[in-house]
Amino acid sequence: MSTIIVGTPVTAGLGELFTTHGLSKKALVLFDENTRKLYGNELLKTLTHQGFQLKELVVPAREASKSFSAAYRLYGSMIEADVDRSWNLLAVGGGVVGDLGGFIAASYYRGIPVIQLPTTLLAMTDSSIGGKVAINHPLGKNLIGFFHLPELVLIDPSYLTTLPEREIYSGMSEVVKYGFIADEAFLSFLDLHFNDITGLQEPWLTEAVKKSAYIKDDVVKRDFREENGVRATLNFGHTFAHGLEKLAVYRHLRHGEAVTIGMVCALFLSHSLGYLDSKSLERGLAILKKFRFPKGVLKRRFLDIESKLLLGNMFSDKKKLDKKLRFVLLKSLGEAFLLEEDVNDKPVLQAIDDARTLFSGKSVH
Ligand SMILES: NC(=O)c1ccc[n+]([C@@H]2O[C@H](COP(=O)([O-])OP(=O)(O)OC[C@H]3O[C@@H](n4cnc5c(N)ncnc54)[C@H](O)[C@@H]3O)[C@@H](O)[C@H]2O)c1
Ligand SMILES: [Zn+2]
């Protein structure tokens, strides 16, 4: 499994860390245009001082960079620079850079080590951990990829100070998800310190990031290849979310925004199917009501969408099995499970309607 290090500055002593992990000090450093501009010079300087031989790679800062054409271009510049299997790839950015970097590392020369240096809240707590790396295909997201665990995950919450608020809330959705699926005490902590964390206040921010990263890592350890239902619990709220993201053509809703709405639906469904008691439902909803959406987004991307249309789009979720929708539900706050039985459309549509009622009563920011 990967070694996860949380600290500020996380790059201090990186050379030694590479050596103790048997990694050469030859690193391809992959950025997107934003992380290159914000952190590139300083990072490259620090690594050079620590004796690294470096080659820089940059891709546009957008989801479209998770593509064959982007990978192909990068392979070309790596071959031209005589990069061989003795090199490592350090991915510096959000989930796009992490997924693309991991994909390239998994495939180039039949695999070179990848080191993740996540710079978004989502990447620090989710995408950089667990070794799922992928690019998109025009017919679906994340369809072409590998399981390629990072040797190291280097988490430094201070990178979040430059991250736009919308991205903070999007990442926070996955953080809260960990509370729901795995740890009630953590959920209470998140409830109490929600504003401190989204306001990037320490020590709460680091505590939340660390705990989330460890929960994800633990889940992955128990079910690396998603075979026994444990890793599937990370998809709490995601069956609904994937339908919403598809309707928003993967552009107009951030993943975490869709997951926030999806978790509200999943809480209602857990309750209506008799798994979650009313008190827990109310407590869960109160936490999710704290999330903010940019003006108009919630209305256009959820409140104005017909429940049946959303349900139809949920069916194209690649995680469906035999065209049946799979739902992750809660037994209690802090305990999730993958429901094996089929669920009728009726309670699912009702859960969407209930979520709509909750959100339409909320002042939209
Ligand atoms: N591999 C997995 O297990 C896994 C899990 C969840 C999501 N993902 C993938 O992650 C991707 C989404 O990741 P994301 O939400 O991090 O998006 P992202 O990588 O697109 O980053 C969001 C935006 O923030 C910018 N940015 C990054 N760090 C910054 C910083 N410190 N300051 C300012 N701006 C910064 C980026 O340039 C980008 O514009 C999706 O492609 C999704 O499929 C993968
Ligand atoms: Zn997610």
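1. In this predicted model, domain 1 and domain 2 bury about 1900 Å² between them, and 73% of that area lies on carbon and sulfur atoms. On the side of domain 1, the residues that lose the most area to domain 2 are Leu121, Thr125 and Phe147, which together account for 27% of what that side buries.

2. The two parts that meet here are domain 1, covering 3-161, and domain 2, covering 169-360. Their contact draws 19 residues from domain 1 and 25 residues from domain 2, while the C-alpha centres of the two domains lie 28 Å apart.

3. As to polar links between the domains, five residue pairs are in polar contact across the interface, with both residues of each pair at pLDDT 80 or more. Three elements, β1 (3-6), α5 (121-127) and β7 (140-147), each supply at least two residues to the side of domain 1 that touches domain 2, and α5 gives the most to that side, with five residues. Sorted by class, this side of domain 1 has twelve nonpolar, four polar and three charged residues.

4. Two salt bridges are found across the interface of domain 1 and domain 2, whereas a search of the whole structure finds 19. Side chains of opposite charge can pair when their charged atoms come close. Lysine 216 forms a salt bridge with aspartate 126, and the closest N and O atoms of that pair are 2.7 Å apart.

5. A further salt bridge joins lysine 141 to glutamate 63, with 2.9 Å between the closest N and O atoms. This pair links distant parts of the chain, since lysine 141 belongs to strand β7 and glutamate 63 to the loop between β3 (53-59) and α3 (68-80), the two residues being 78 residues apart.

6. Lysine 141 should also be read together with ligand 1, as one of its polar side-chain atoms lies 3.0 Å from an oxygen atom of the ligand. The surroundings of ligand 1 comprise 26 residues, of which the closest are Asp32, Thr119, Thr120, Lys132 and Thr162. For aspartate 32, an N or O atom in the side chain is 2.6 Å from an oxygen atom of ligand 1. Tyrosine 159 approaches through its backbone instead, with an N or O atom there lying 3.0 Å from a nitrogen atom of ligand 1.

Technical notes
Residues are numbered from 1 along each chain as its sequence is written. Chains are lettered from A and ligands numbered from 1 in the order in which they are written. This is a predicted model: local features need pLDDT of at least 70, side-chain atom pairs count only at pLDDT 80 or more; totals for chains, interfaces and linings use all residues. Side-chain values use heavy atoms; hydrogens and water are left out. Domain bounds come from an automatic or database domain assignment. Contact means heavy atoms within 4.5 Å. Buried area is the accessible area (1.4 Å probe) that two parts lose on being put together, summed over both. A salt bridge is a side-chain nitrogen of Lys or Arg within 4 Å of a carboxyl oxygen of Asp or Glu. A polar contact is a pair of N or O atoms within 3.5 Å; within protein, one must be able to donate a hydrogen and the other to accept it, and residues adjacent in sequence count only if both atoms are side-chain atoms. Helices (H or I, at least four residues) and strands (E, at least two) are DSSP runs, numbered from the N terminus. Ala, Val, Leu, Ile, Met, Phe, Trp, Tyr, Cys and Pro count as nonpolar, Asp, Glu, Lys and Arg as charged, and the others, Gly among them, as polar. A residue is near a molecule or strand if one of its heavy atoms lies within 4 Å of it.
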